[in-house]
Amino acid sequence: MPIRTRLIDSNPPPSSAITPRAVYEDRRTLLKALALGAAGSALAGWAARDARAAMTGPLATTRSSVAGAVTMEKATALKDATGYNNFYEFGTDKDDPARYAGALKIDPWSIEIEGLVNKPGRIALDELRKISPLEERIYRLRCVEGWSMVIPWIGYSLSALIKRAEPQGSAKYVEFVTLADPKQMPGVRSSVLDWPYTEGLRMDEALHPLSLLAFGMYGEALPRQNGAPVRVVVPWKYGFKSAKSIVKIRFVEKEPRTAWDKAAPNEYGFYSNVNPGVDHPRWSQATERRIGEDGLFAKRRKTQLFNGYEAEVGQLYAGMDLKRFF
Ligand code: MTE
């Protein structure tokens, strides 16, 4: 499979806004050394100071203080995270997004806020990026198809944008609408999904601090195939809930229909929480393959309830029958 490794982005945030890749990789090495206990306490102190120093700058990403926001699991190789994608607007093969998304125009870009809010309106990307300081979040993402990755994202809690919009009491759900431009996106000319791609979250899910509005990954602005210039990442739900290249966020009273629900309602429920106990009608969800751990003898990992984020998000679903609300 041809794999593109170059990140193409004509509209990166100011260089001061992101942790350079080299610094990022260095920091990972240091953090790993700390986690392994390989560093003595003097070295540990030095390493921590050094890591903090590397993260200064007006919008530099910092390690997030949000519970569960940084897994110490090994990050997926950049070439896999940018070469093995689902972004049906560019085709249904895993290498189609890397191959065809390069032409996507992401400057100018804005998100329209509409529906049941006191402050509707259009927010330009520059302004959107400044709503809250950018953090690094290292999340597991588990695809409904049975594979997973670990990706260092850059963004801030979606709740910051939601609070700025001032939702009204009647707003119970948040709907995400993504770009559907057949001129730029060859997949939109096919009827594989009912375009535009839409997704949704219950308001308390959207407000959960782990729900991320993401602008970058691996220390740089988002590559187009990963949803440039802005997407959501909801780590305890199957990957398809993490809508890419968002153009509209709508606050609504009723549970919105989603693109996958419209395509196959018995296969994709609204909640789509990662759950090894609820199989997809056509395959088991009990295990997963970590991308990069290939080979004949690579062991599949056991899938964890809520993708391992149960301690953080389990209470959102207390008392709910997760087999019914899948
Ligand atoms: N967003 C849009 N607009 N279109 C898509 O086809 N695919 C989803 C999700 N967001 C998709 C999308 C699916 S199925 C997955 S698994 C994740 O994006 C993949 O994100 P990644 O390619 O950055 O790993």
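**Ligand site, pocket and backbone features**

Q: Into which classes do the residues of the shell around the ligand divide?
A: This is a predicted model, in which local features need pLDDT of at least 70, side-chain atom pairs count only at pLDDT 80 or more, and totals for chains, interfaces and linings use all residues. Residues are numbered from 1 along each chain as its sequence is written, and side-chain values use heavy atoms, with hydrogens and water left out. Ala, Val, Leu, Ile, Met, Phe, Trp, Tyr, Cys and Pro count as nonpolar, Asp, Glu, Lys and Arg as charged, and the others, Gly among them, as polar. On that basis the shell around the ligand divides into six nonpolar, six polar and three charged.

Q: How many residues surround the ligand?
A: A residue counts as near the ligand if one of its heavy atoms lies within 4 Å of it. The closest are Asn85, Tyr88, Glu89, Arg231 and Lys244, and the full number is 15.

Q: What is the distance between an oxygen atom of the ligand and an N or O atom in the side chain of Arg231?
A: Polar contacts here are pairs of N or O atoms within 3.5 Å. Asn85 has a polar side-chain atom 2.8 Å from an oxygen atom of the ligand, and an N or O atom in the side chain of Thr178 is 3.3 Å from a nitrogen atom of the ligand. For Arg231, the distance to a ligand oxygen atom is 2.6 Å.

Q: Which strand gives the largest share of the lining of the largest pocket?
A: A pocket is an open set of points on a 1 Å grid over the protein atoms alone, where a 1.4 Å probe fits, with protein on both sides within 12 Å along at least five of seven lines; lining residues have an atom within 4 Å of a point. The largest pocket is lined by 29 residues, with Asn86, Cys143, Trp147, Gly239 and Phe240 nearest its centre. Strands (DSSP runs of E, at least two residues, numbered from the N terminus, as are helices, runs of H or I of at least four) that give two or more residues to this lining are S4 (135-142) and S5 (147-157). The largest share, four residues, comes from S5.

Q: Where is Pro229, which a cis peptide bond joins to Ala228?
A: The bond between Ala228 and Pro229 has omega of about -5 degrees. Pro229 has its place in the loop between strand S9 (220-221) and strand S10 (231-233).

Q: What is phi of Glu166?
A: Glu166 lies in the loop between helix H6 (158-165) and strand S6 (173-178). Its phi is positive, in a residue other than glycine, and is near 55 degrees.

How values were computed. Polar contact = N/O pair within 3.5 Å; in protein donor to acceptor, adjacent residues only side chain to side chain.
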